Amino acid sequence: MSRDVVVLIAGEKPEGPIQVLRASTGGQVRAEGALTDDGAGLSGLAPERTLLVLPASLGRLERLTLPAQTNAQAQAAAPFLLQDTLGAQGKDVHIAVGDAQNTDGTRLAAIIDGALLSAFLDRCARHGADPGVVLFDCAALQPPPGLVKMAILADRIVVGAAGAGGVTLDAGLAGAVLPRWLQALPMTPEWLVFVGPQAQAEAAAQGAARLTRDESGLSPLEVLARDAVSATAAVPNLRQ
């Protein structure tokens, strides 16, 4: 029996195309096209081994200090630390908190409209899938320590800094938002650029100190799928 994980990478709308990829824990990834309402892109989907990746631009990814003794305590405390953010999100808000990254209790928290999350899960259910893990794209990217990873997808730019957080942007907003986001990081990052000339040019435009190309030969979608499969418990799972 195959132990591959099916990774579904969604766009901004639940009814839009969802890219289907299969990834192994050994790092092999293959794309299977787009999931459409006629079932195209699926073959032998195992619901219990399905992972859904959503654009972080649909919600918020926050970095919190929650020195709780258990993850359940951290989950319960998060809404109180996020009151200002939640006030702008409306009443039906879903929050997921990742495991502590250090003894200070530094954690990532993912925030999304509950109805929107349900709409994506309903779309998956129509195809027999029940993702046990739902991650924001920028949180799923796994750069080495001290590096920032950039993926330029067809509809968005995804930038991840592992435990320091991440951001997902429309391409037209990168010049205005990325410099400020980088300045706010708790580190002075270098860059790991793993796509082609587009990401290299964008990173250089933002003043990247060092450009390192990922040599895996995978496409941006494939790298995102590979990283999502290997993401640690520090990455918030919106199925919590």
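## The chain as a whole

The protein chain exposes about 11,000 Å², and carbon and sulfur atoms supply 52% of that area. Keep in mind as you look around that this is a predicted model.

Of the 240 residues in the protein chain, 49% are buried. Seven helices and 13 strands are found along the chain. Among contacts between residues at least 6 apart in sequence, 60% join residues at least 24 apart.

## Strand S9, covered on both faces

A good place to zoom in is strand S9, residues 147–152. Six of its six residues are buried, each with under 20% relative accessible area, so S9 is largely enclosed by the rest of the structure.

In a regular strand, side chains alternate between the two faces of the sheet. For S9, one side holds Leu147, Lys149 and Ala151, all buried. The other side holds Val148, Met150 and Ile152, and these are buried too, which leaves both faces of S9 covered.

## The S9–S10 hairpin

Next comes the partner of S9. Strand S10, residues 157–160, pairs with S9 in the antiparallel sense over four bridges. Four residues lie between the two strands, and together S9 and S10 form a hairpin. Lys149, one of the buried residues of S9, stands opposite Gly160 in S10.

## Helix H5, two faces

Helix H5 spans residues 174–183, and its buried residues are Ala174, Leu178, Trp181 and Leu182. These four cover an arc of only 95 degrees around the axis, so they sit on the same side of H5.

Turn the helix around and the picture changes: the face away from the buried side of H5 carries the exposed residues Ala176, Arg180 and Gln183.

Technical notes: Residues are numbered from 1 along each chain as its sequence is written. This is a predicted model: local features need pLDDT of at least 70, side-chain atom pairs count only at pLDDT 80 or more; totals for chains, interfaces and linings use all residues. Side-chain values use heavy atoms; hydrogens and water are left out. Buried means under 20% relative accessible area, exposed over 50%, partly exposed in between (1.4 Å probe, protein chains only). Two strands pair if DSSP finds at least two bridges between them. The arc is that of the directions from the helix axis to the C-beta atoms. Contact means heavy atoms within 4.5 Å. Accessible areas come from the Shrake-Rupley method with a 1.4 Å probe; for residues, only the protein chains shown count as cover.
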